[in-house]
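Me: I'd like to go through this model and check each label against its cut-off. Could you take me through it?

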Amino acid sequence: MKALVFEAPERPVVANREPPEIGPEEVLIRSRAVGICHSDFELLDGKYIIPVSYPIVPGHEWSGEVAEVGRDVEGLHPGDAVVGECVVGPDGRDHFGFSIDGADAELFKARAEWLHKLPQGMSHTNGALVEPFSVAYNAVLAAGGMDPSDSVAIVGGGPIGLLAVLAASATNARVVLVEPQEHRREMALNMGAQAALDPTSTEFADAVAEATQGRGFDAVIEAAGAPKAMASALEIAGQSARLVYVGIDIGGSAPAQLGLIQSKDLRIRGVIGSPNIWPKTIRFLASGVVDPTAIISATFPLDSALDALQAARDTSRNIKVHIQTGA
């Protein structure tokens, strides 16, 4: 079978491998759609947030079809459409597609308890967006009780930021994207944001004041994972605002006005992944209230996975790139 393999940092290849053998509590899955994430590039660069080793098959945003089940697996059958969680194992010690082989292969295995069935009628394209949407949804939930009284800033218009625009807009809060790239600001407006601001503009501070009636944002979700953007979240937050950091940075730094945490009485938390909300996320997407597929900008077959990686690196052109291995 074919698989995308990171043989070592900065050494991706499409290789032929033997199909994995499954144990009694495992499931063999035929990959259908896999998204490429910023974290995949951190893995490829050799600097992921937990210890990893190489070679490794990436792919943690995926949807697939059950091909075979282990003898002790209940509730799953060949042909079932499934998705699977990323943070797995005791106390979340493993990350699927990072510390253990992921879904960028024609066939891969996973433990049954990591899996969730897709509702009838949900496409594999939508299924492969459950993982990133669950992360964005988790950040919105972590900000606590959004409603139409809130002005909410989403900092960063990458996939998680744009999906957070969708999730936050569903609460009827006033949602504003903060993003330097014009095409991403335009997409946010099409996805439900009431405004989209350029943080590099000399008029940015005035625009924030206008968008929030001078009080600053009631909630800020930092989804860029860039140190300067992370620091700026403190500045645009209003009094007693809720800040959620979901964007990932490894080893970066930037000057920050830390005194604002106290003077504004800010409530700050970081979130990683999306534990315990996958069934709720799937129900949310199955409702049809939002359509996350708008962020998919390019699709490649597994044979062209290296081209897919290159396309995903080009954030001036692409937002979310998918690798597909079947219908």
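Reply: Gladly! The structure holds 16 salt bridges. This is a predicted model, where local features need pLDDT of at least 70 and side-chain atom pairs count only at pLDDT 80 or more, while totals for chains, interfaces and linings use all residues. Residues are numbered from 1 along each chain as its sequence is written, and side-chain values use heavy atoms, with hydrogens and water left out.

Me: What makes R11 and E7 a salt bridge?

Reply: The term asks for a side-chain nitrogen of Lys or Arg within 4 Å of a carboxyl oxygen of Asp or Glu. The side chains of R11 and E7 meet at 3.2 Å, N to O, so the pair fits the definition.

Me: And why is E65 with R32 called one too?

Reply: Their closest N and O atoms are 3.5 Å apart, so this pair also fits the definition. E65 lies in strand β4 (residues 61–69) and R32 in strand β3 (residues 26–35), so the pair ties together parts that are 33 residues apart in sequence. Strands here are DSSP runs of E with at least two residues, and helices are runs of H or I with at least four, numbered from the N terminus.

Me: Why does R32 count as buried or exposed?

Reply: Buried means under 20% relative accessible area, exposed over 50%, and partly exposed in between (1.4 Å probe, protein chains only). R32 has 15% relative accessibility, so R32 counts as buried. Its partner E65 has 22%, so E65 is partly exposed.

Me: How do you know which label D80 and K117 get?

Reply: D80 is at 18% relative accessibility, so D80 counts as buried; K117, at 43%, counts as partly exposed. The two form a salt bridge, with the closest N and O atoms 3.8 Å apart.

Me: Now the sheet: what makes β14 and β15 a pair?

Reply: Two strands pair if DSSP finds at least two bridges between them. Strand β14 (residues 237–245) and β15 have four bridges, in the parallel sense, so they pair by that rule. In β15, the bridge partner of Y245 is G270.

Me: Which strands stand at the edges, and why?

Reply: The open sheet has six strands in the order β12-β11-β10-β13-β14-β15. β12 (195–197) and β15 (267–270) each have a single partner strand, so one side of each is left without a neighbour in the sheet.
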